[in-house]
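Grab a pencil and open the model in your viewer. Below are a few short exercises, each with a solution worked through step by step.

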Amino acid sequence: MGLIERLSTAAADPLADALHAARLLARDPAGLGGLCLRCGAGEDGERLIELLRSSLHAGTPLRTMPSHIDDDRLLGGIDVAASLTAGRRIEARGLLAESAGGIVVVPGADRMSAATAGRLATWLDSGAGALLLLDHGVEGERPPVALLERVAFDLTPMPSEPPAADAAPVGDDELLATVAGVAAALGVASVRAALFAVRAARVAAADAGRSALTAADVALAVRLVLAPRATQFPAPPPPPDQPEDQPPTEQQSGEMKLEDVVLDAARAVLPPDMLAALAGDRSAARTARSGGAGQKQKSPSHGRPIGVRAGLPGGGRRLALIETLRAAAPWQRLRARADDGSQKLRLRRSDLRIRRYEDRSEALAVIAVDASGSSARARLAEAKGAIELLLAQAYAKRVEVALVAFRGTGAEILLPPTRSLTRARKLLAELPGGGGTPLAAGLDQARLLALAGKARGRTPHVVVLTDGRANIAADGSPGRPQAESDALAAAKRLAGDGFGATVIDISPRLQPEASRLAESMRARYVHLPRADAAAVHAAIGL
């Protein structure tokens, strides 16, 4: 039974598309580059690996890459034991050389360093094999773009209806034109993705034992390769402009163009609401993570290992014993001749290697809430709910949260930076509200908290819930023109400090004030007129 037939008879298995993509990958690893599966912490990755193992030709390698692999093991290097025994340099094969023509499984690909990603991308470009990237979605991160561009499939487990099998033959010119048109309709700009779709269609036909392509092969390729990369929902075809007294053409009477058939298959796996959110928030979410998540920083003794360098241990720096022995091994015979000729190990200062680590600083979310006017109670309730959602994950995500409320003539710190959910609930039990809108005072108070957090090694991210309509100046005096001028000046001071920031516009209708405020802060702008705690939490992006 061919792949199309297996797909059409599959149950509503959330992993069905990924399993079919894995079968295609097993037939042509080097040509399709690989598969990325957003699998969380479940057993989906194990199912995929088992399918690949059973589908690969006998003798095709399937290796798993350790999460903290070093360059010597990945690319090949000195075999320490053999070199010390022989007294001369003996090379060891690396994991990539051992996997030539096969597939390398990469668990936790979302936490991969840029250096390792570059080495794997070079390996893929050489056509030596393929990757199975398991994206566990830690802290909302994704595998490096350099790898996602080089693998044909980037899938998320989700139940979907199988496409209808269509045995209409498709020529090469029609295949290329259809894939290009569908890619444009879905907003997929990558030429690699279109080429992968063409290759996947041909592999699907070969899997079914056919030399000729059919419309079902093209629909399957678009479904697995292009649809997950879509950035816009394809518009339905316009109704034909046909005079009433003219008989319908063959196409209008029921026969659809191949491109329309393939787009229908793509629409089947594109929920409109999810795709709209994806198209609107993808770049914004990336901005929020880069500004709000803790920044990466070098650490001498803890964090994620990122390799070794020459240096002396001490002061928290740890000796990398194996790497030190590798550096010393090629020189042992020469050093023995220069010394007494004994078989003892001879180390020099230049041989010593120390480990390098990379850690993330803790993030600090400073939430400044407009508590003025009749809507204060709802706004503060939204902020309180968002804070509780953040604090529920605070230890796992290393986030502290602070809350500033501005109303009347000034701003007040309702919640100092904390990760304690119990403490937050106690302090937020009575939330004040009402009065004027001293927006400048609220921004200045949020800035002071962010500066204090930065001084303690935190990565601040400022979130402002407001409609942007200030009416209390920085000195506490009423007057809208001066208040708006002071608010924009405070926003520019925040921008000058380089903090990540988000302005959540809570006005019922879009107003220019909040948008101007976000522009002055160099902040991401989000309009949430009916925000609840979950929506605010999602908009913050931590």
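**Exercise 1. Find how many salt bridges the whole structure holds, then work out which parts of the chain Asp71 and Arg119 tie together.**

Keep in mind that this is a predicted model.

- Step 1: Search the whole structure, and 22 salt bridges turn up.
- Step 2: Pick out Asp71 and Arg119; their closest N and O atoms are 2.9 Å apart. The cut-off is 4 Å, so a pair at that distance passes.
- Step 3: Place the partners. Asp71 belongs to helix 5 (residues 71-75) and Arg119 to helix 8 (residues 114-125), so this salt bridge ties together parts that are 48 residues apart in sequence.
- Step 4: Check the burial. Asp71 has a relative accessible area of 35% and Arg119 has 28%. Partly exposed covers the range between 20% and 50%, so Asp71 goes in that class, and so does Arg119.

**Exercise 2. Which residue does Glu98 meet in a salt bridge, and where do the two partners sit?**

- Step 1: Follow the side chain of Glu98 and you arrive at Arg73, with 3.1 Å from N to O.
- Step 2: Glu98 is in helix 7 (residues 95-98) and Arg73 in helix 5, so the pair links distant parts of the chain, 25 residues apart.
- Step 3: Now the accessibility: Glu98 comes out at 24%, partly exposed, and Arg73 at 34%, also partly exposed.

**Exercise 3. Is Arg150 buried or exposed, and which parts does its salt bridge with Asp125 tie together?**

- Step 1: The closest N and O atoms of Arg150 and Asp125 are 2.9 Å apart, and the pair forms a salt bridge.
- Step 2: Arg150 lies in the loop between helix 9 (145-148) and strand 7 (153-155), while Asp125 is in helix 8, so the bridge joins parts 25 residues apart in sequence.
- Step 3: The relative accessible area of Arg150 is 18%, so it counts as buried.
- Step 4: Not every bridge stands alone: Arg38, Asp135, Arg142 and Asp154 are linked in a network.

**Exercise 4. Stay with helix 8 and find what Thr116 is in contact with.**

- Step 1: Thr116 sits in helix 8.
- Step 2: At 12% relative accessibility, Thr116 is buried.
- Step 3: Set aside neighbours within four places in sequence, and the contacts of Thr116 are Met65 and Leu74.

**Exercise 5. Which residues touch the most other members of the largest nonpolar core?**

- Step 1: As background, nonpolar side chains in soluble globular proteins tend to be buried together.
- Step 2: The largest core has 58 residues, and Leu35, Leu132, Phe153 and Leu226 touch the most other members.
- Step 3: Helix 11 (residues 191-207) gives the largest share of this core, ten residues.
- Step 4: Zoom in on Leu226. Beyond four places in sequence, its contacts include Val179, Leu186, Ala197 and Ala221.
- Step 5: Another core, of 28 residues, lies apart from this one; among its members are Val366 and Ala514.

**Exercise 6. Which residues form a nonpolar patch on the surface with Leu84?**

- Step 1: Leu84 is in helix 6 (residues 80-86) and has a relative accessible area of 35%, so it is partly exposed.
- Step 2: Its patch partners are Leu345 and Leu347, and together the three have about 240 Å² of accessible area.

Technical notes:
Residues are numbered from 1 along each chain as its sequence is written. This is a predicted model: local features need pLDDT of at least 70, side-chain atom pairs count only at pLDDT 80 or more; totals for chains, interfaces and linings use all residues. Side-chain values use heavy atoms; hydrogens and water are left out. Patches are made of residues with over 30% relative accessible area and no salt bridge: like charges are joined within 9 Å, nonpolar side chains (Val, Leu, Ile, Met, Phe, Trp, Tyr) within 5 Å. Accessible areas come from the Shrake-Rupley method with a 1.4 Å probe; for residues, only the protein chains shown count as cover. Helices (H or I, at least four residues) and strands (E, at least two) are DSSP runs, numbered from the N terminus. Buried means under 20% relative accessible area, exposed over 50%, partly exposed in between (1.4 Å probe, protein chains only). A nonpolar core is a set of buried Ala, Val, Leu, Ile, Met, Phe, Trp, Tyr and Cys residues joined through side-chain atoms within 4.5 Å. Contact means heavy atoms within 4.5 Å.
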